[in-house]
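Here is a short briefing on one protein–ligand model. The topics are the ligand site, a helix pair and some backbone geometry.

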Amino acid sequence: MNFREQYGKWAVVAGASEGLGAAYAEELASRGLNLVLVARRSEVLQLLAAELSTKYEVETKIIVQDLSAPDAAEQIVRNIIDLEIGLLVYNAAFSAIGPFLEHPLEGHLREIHTNAFTPLKLVYLLAQQMLERRRGGILLMSSLSAFQGSAYISTYSATKAFNIVLAEGLWEEWREQGVDVLVCVSGAVKTPNYIASEPEPTGGLGDMTMNPEPVVREALNALGKRPYVIPGRVNRLASFIMRHLLPRKVAVQFMGRVLRGKYIDS
Ligand SMILES: NC(=O)c1ccc[n+]([C@@H]2O[C@H](COP(=O)([O-])OP(=O)(O)OC[C@H]3O[C@@H](n4cnc5c(N)ncnc54)[C@H](OP(=O)(O)O)[C@@H]3O)[C@@H](O)[C@H]2O)c1
């Protein structure tokens, strides 16, 4: 089956208005899928939807929704009840950067809602139809920071670890039933969010920063082939060293030093 037959007719991109999310939307449109674009900023979504439907002759629908809301998944599903959803890309995330106790508890809970609670619910609510049709795909975004504890973004990295383990488990459960599950474990990517959170471009880590388009292409090309993908050769090498060559305690300390240098001491 080609990509459109396997994952059409419609793809939901949650967190679609800019950065990686907009890149997913464009790549999926170029592969012939109609798009449901979800984010909070209506005008940006409208512009993107108009641009992609003209450029790629696909249908688009926008849903303005805060994904940290407890009923976000139900609201989205209510809006797409008549559409055949063949692919879910959950891209949106929230990250509270800094010392753990300097953020209000609400900030940490918002990370859990945006990054774990809503994607879990969307997967639950959309996978049933995919399994009945015996075709479909689910792609969750995660981060290299999730392979070990990551100081100053502890809750964020914990939610991203949830996504890795959830996707791997579902990949094994559903791989014989026609539904492909993939987690994209990304290194740093030049998105508006990432650039805004960077105190200033750094030497070492800055060099590893990828553009959104190749990340998205590698992820979509890996769907149906394996449970997880780490886009970029340098990221795969760094992750191999962190996970397999360094003792876990040392990897946690190394990550802490990098993040302290980036966000605390800068
Ligand atoms: N960028 C990196 O360096 C990097 C590294 C590793 C992993 N990742 C992962 O890649 C994904 C994208 O990351 P990014 O930070 O780079 O973001 P991005 O691709 O720039 O996208 C953020 C998107 O999510 C939407 N969004 C955020 N919070 C939302 C909410 N509460 N409700 C609805 N929409 C929301 C934003 O739209 P609105 O503002 O319009 O709502 C925007 O469209 C995340 O899952 C992140 O964990 C990124």
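**Ligand site, helix pair and backbone outliers**

The ligand is surrounded by 29 residues. The closest are Ser 17, Arg 40, Asn 91, Tyr 156 and Thr 191. The model is predicted.

**Polar contacts to the ligand**

- Ser 17 places a polar side-chain atom 2.7 Å from a ligand oxygen.
- Tyr 156 does likewise from its side chain: one of its N or O atoms is 2.6 Å from an oxygen atom of the ligand.
- Val 189 uses its backbone instead, with a polar atom 2.8 Å from a ligand oxygen.

**Burial and make-up of the shell**

- How much of the ligand's area does the protein bury? The ligand taken alone exposes 870 Å², and the protein buries 93% of that.
- Four elements give two or more residues to the shell: α2 (19–30), β5 (136–143), α6 (154–174) and α7 (192–197).
- Tyr 156, one of the closest residues, falls within the range of α6 (154–174).
- By class, the shell holds 11 nonpolar and 13 polar residues. Five more are charged.

**Helix pair α4 and α5**

- Helix α4 covers residues 72–79, and helix α5 covers residues 105–133.
- Their axes come within 8 Å and cross at roughly 35 degrees.
- The crossing of α4 past α5 is right-handed.
- On the α4 side, the contact uses Ala 72, Ala 73, Glu 74, Ile 76 and Val 77.
- On the α5 side, the partners are Thr 118, Lys 121, Leu 122, Leu 125 and Leu 126.
- Which classes make up this contact? Seven of its residues are nonpolar, one is polar and two are charged.

**Backbone geometry to check**

- Most residues other than glycine have a negative phi, and most peptide bonds are trans. The cases below depart from that pattern.
- The peptide bond from Gly 8 to Lys 9 is cis, with omega near 5 degrees.
- Lys 9 sits in the loop between α1 (3–7) and β1 (10–14).
- Arg 134 is not a glycine, yet its phi is positive, near 60 degrees. The loop between α5 and β5 contains Arg 134.
- Tyr 152 also has a positive phi, about 70 degrees, and is not a glycine. Tyr 152 belongs to the loop between β5 and α6.
- Both elements that flank the Tyr 152 loop, β5 and α6, are among those that give two or more residues to the ligand shell.

Key
Residues are numbered from 1 along each chain as its sequence is written. This is a predicted model: local features need pLDDT of at least 70, side-chain atom pairs count only at pLDDT 80 or more; totals for chains, interfaces and linings use all residues. Side-chain values use heavy atoms; hydrogens and water are left out. A residue is near a molecule or strand if one of its heavy atoms lies within 4 Å of it. A polar contact is a pair of N or O atoms within 3.5 Å; within protein, one must be able to donate a hydrogen and the other to accept it, and residues adjacent in sequence count only if both atoms are side-chain atoms. Accessible areas come from the Shrake-Rupley method with a 1.4 Å probe; for residues, only the protein chains shown count as cover. Ala, Val, Leu, Ile, Met, Phe, Trp, Tyr, Cys and Pro count as nonpolar, Asp, Glu, Lys and Arg as charged, and the others, Gly among them, as polar. Axes are lines fitted to C-alpha atoms, for helices over the stretch in contact, and angles run from 0 to 180 degrees between N-to-C directions. A crossing is left-handed if the near helix is turned anticlockwise from the far one by less than a right angle, and right-handed if clockwise. Contact means heavy atoms within 4.5 Å.
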